[in-house]
Amino acid sequence: MIQTRRKNYVEVLVILLILVLFISSYALWGCQKKEKSLLTSVYIYGLKDARGLSYVGGTFEYLLHENASDDLVVFYARAYSIRAEHFQDTFGLLQAYKNDERFQLMFSAMSNYNLFLHEVSIANSTRRKTLIEKNLETLKELDNLMEEVTKYQNPDDLPPKLVKRIFQASEELEVQ
């Protein structure tokens, strides 16, 4: 009789343990699903900056062609710098939650881009024009690459090859 009671207790404990493990696994799965949804939302929100950054080269080319005022060029350089900084922050957040080399490379690329655009915004008139002219082809390449990024609605879908091309292009931006 005592053995039967012990056996019953052991069976109840095993059933409770299995039930706790099942509930814990389900809760963990739910948290992971919510985290993925949150990270995707952060990325999608950041895509508006990628869309804006897909016009930098074209805008600067037009401004140079039309001999736009320094104030107008500075205005666009600052606006684009803010977009690059926001997109950099997007990938900083993604990198903080997922240790993914693509997110680190995009963070670094947007940091380079932000630095270049900031430099354009604070340079004197002659240097500003030289910086833009010297980097115009790279800026137009980045336009196309940013446009390509907007096709991916999930950060996990970003192709490593695209990310590397963006990083390499950002490294080509000359600020001197």
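This report walks through helix α3, its two packing partners and two residues elsewhere in a predicted model.

## Ground rules

Local features here need pLDDT of at least 70 and side-chain atom pairs count only at pLDDT 80 or more, while totals for chains, interfaces and linings use all residues. Numbering starts from 1 along each chain as its sequence is written, and side-chain values use heavy atoms, with hydrogens and water left out.

## Helix α3 on its own

Helix α3 covers residues 70–97; helices are DSSP runs (H or I, at least four residues), numbered from the N terminus. With 28 residues at 1.5 Å a residue, α3 should span 40 Å, and its end C-alpha atoms sit 41 Å apart, which agrees. That expected span is 1.5 Å times one less than the number of residues.

The buried residues of α3 (under 20% relative accessible area, 1.4 Å probe, protein chains only) include Val-73, Val-74, Ala-77, Tyr-80, Phe-87 and Leu-94.

## α3 against α2

Helix α2 (residues 56–65) packs on α3 at about 175 degrees, with the axes 11 Å apart. Axes are lines fitted to C-alpha atoms over the stretch in contact, and angles run from 0 to 180 degrees between N-to-C directions. The pair is therefore roughly antiparallel (over 145 degrees).

From α2, the contact (heavy atoms within 4.5 Å) uses Val-56, Thr-59, Phe-60 and Leu-63; from α3 come Leu-72, Val-73, Tyr-76, Ala-77 and Tyr-80. By class, that's eight nonpolar, one polar and no charged. Here Ala, Val, Leu, Ile, Met, Phe, Trp, Tyr, Cys and Pro count as nonpolar, Asp, Glu, Lys and Arg as charged, and the others, Gly among them, as polar.

## α3 against α5

With helix α5 (residues 125–149), α3 makes an angle of about 40 degrees, the axes being 13 Å apart. These two are therefore oblique to each other, meaning neither under 35, nor over 145, nor 65 to 115 degrees.

On the α3 side, Asp-70, Val-73, Val-74 and Phe-87 meet Ser-125, Arg-128, Ile-132, Met-146 and Val-149 of α5. This contact has six nonpolar, one polar and two charged residues.

## Two residues to look at

Met-146 of α5 is buried, at 0% relative accessible area. Beyond its neighbours within four places in sequence, Met-146 touches Ala-50, Leu-53, Ser-54, Phe-87, Met-106, Met-110 and Ile-166. Its C-alpha is also 9.9 Å from that of Val-56, 90 residues away in sequence.

Gln-168 lies in helix α6 (residues 160–172). At 47% relative accessibility, Gln-168 counts as partly exposed (between 20% and 50%). The C-alpha atoms of Gln-168 and Thr-138 are 10.0 Å apart, with their positions 30 residues apart along the chain.
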